[in-house]
Amino acid sequence: MRLIAIGKSSASAPESELLRRYAARIKPTLSLVELQDGFGNPAEIKRREALTILNTIKPDEFVIALDSGGVAPGSPELAKLLARWSEQSKKLAFVIGGAEGLDAVVISRAGARLSLGNLTWPHMLVRPMLAEQIYRAQMITAGHPYHRAGRP
């Protein structure tokens with residue numbers, strides 16, 4: 001399972017440490033692929049980043065694009081989606097775009113679109129948030145008490 005993301009993070013940043021912590025708990029381990037930010041005007045940035053992303057995605061990967069227009073499931077629903085996606089392909093690739101978002105060609109390559117809600121989050125923070133939700137989804141599927149759905 002891979003997380004393909006635009007932008008380079010600092011290895012010592014708290015967000016990076018949190019991502020490493022959750023990525024190690026996920027089975028198979030979630031690996032991070034960081035890609036260079038695009039440059040130019042907003043349209044050119046999206047185009048350049050799209051080319052980089054598309055060249056990084058492997059042909060046999062099922063791509064899940066993080067996109068504000070995607071489905072915004074609760075954690076139990078995400079667990080079901082993750083199980084279904086895993087059944088479709090043993091190789092999942094989550095894609096996070098840069099500040100300008102994902103280009104339409106990347107979204108069209110995706111087998112699914114996922115939103116973390118209507119709020120705008122810093123992209124470096126989305127990485128560990130997504131990893132935690134993937135871990136939570138796996139724990140829900142396994143029947144582990146990590147997710148406490150009954151709490152008020």
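This is a guided tour of a predicted model, with selections to make in the viewer and a description of what each one shows.

Residues are numbered from 1 along each chain as its sequence is written. Because the model is predicted, local features need pLDDT of at least 70 and side-chain atom pairs count only at pLDDT 80 or more, while totals for chains, interfaces and linings use all residues, and side-chain values use heavy atoms, with hydrogens and water left out.

**Stop 1: helix H5**

Begin by selecting residues 123-142, which make up helix H5 (helices, H or I, of at least four residues and strands, E, of at least two are DSSP runs, numbered from the N terminus). H5 has 20 residues and spans 29 Å from its first C-alpha to its last, close to the 28 Å expected at 1.5 Å a residue, where the expected span is 1.5 Å times one less than the number of residues. Colour the buried positions of H5, among them Val126, Leu130, Ile134 and Met139; buried means under 20% relative accessible area, exposed over 50%, and partly exposed in between, with a 1.4 Å probe and protein chains only. The charged types Arg127, Glu132 and Arg136 are also buried in this helix. Just after H5 comes Gly143, whose phi is positive, near 75°.

**Stop 2: rings around Tyr135**

Now show the side chains of Tyr22, Tyr135 and Tyr146, which ring pairs link into a cluster. Rings of Phe, Tyr and Trp (its six-membered ring) pair if their centres lie within 6.5 Å, and planes under 30 degrees apart count as stacked, over 60 as edge-to-face and the rest as tilted. By this rule the count comes to four aromatic pairs. One of them joins Trp85 and Phe94 edge-to-face, at 6.5 Å centre to centre with 70° between the planes, and both Trp85 and Phe94 are buried. Another joins Tyr135 and Tyr146, also edge-to-face, at 4.9 Å centre to centre with 75° between the planes. This pair links distant parts of the chain, since Tyr135 is in helix H5 and Tyr146 in the segment after H5, eleven residues apart.

Is Tyr135 buried or exposed? Tyr135 counts as buried because its relative accessibility is 11%, whereas Tyr146, at 24%, counts as partly exposed. Add Arg25 to the view: the charged end of Arg25 sits over the ring of Tyr135, 5.4 Å from its centre (a charge sits over a ring if NZ of Lys or CZ of Arg is within 6 Å of the ring centre and within 35 degrees of the ring normal).

**Stop 3: the cavities**

On a 1 Å grid over the protein atoms alone, a cavity is a set of points where a 1.4 Å probe fits but cannot get out, a pocket is an open set with protein on both sides within 12 Å along at least five of seven lines, and lining residues have an atom within 4 Å of a point. Grid points are joined across faces, edges and corners, and a volume is the space filled by probe spheres set on the points.

The structure holds two cavities of 30 Å³ or more, and the largest has a volume of about 40 Å³. To find the largest cavity, select Ser9, Glu15, Ser16, Leu19, Leu32, Met124, Arg127 and Pro128, which line it; helix H1 (14-25) and H5 each supply at least two of its lining residues.

The second largest cavity holds about 30 Å³ of space, and its lining includes Ile6, Lys46, Gly101 and Val106. Helix H2 (residues 42-56) gives the most to this lining, with four residues. Gly101 lies in the loop between strand E4 (92-96) and helix H4 (104-109), and is partly exposed, with a relative accessible area of 27%.

**Stop 4: the pockets**

Where is the centre of the largest pocket to be found? Of the 19 residues that line the largest pocket, Leu66, Asp67, Ser68, Leu119 and His123 lie nearest its centre. The largest pocket has a volume of about 450 Å³, and strand E3 (62-71) and H5 each give two or more residues to its lining, with E3 giving the most, three residues.

Finish at the second largest pocket, with about 170 Å³ of space, by selecting Met1, Leu82, Ala83, Ser86 and Gln138, which lie nearest its centre among 13 lining residues. Helix H3 (75-88) gives the most to this lining, with four residues, and H5 supplies at least two.
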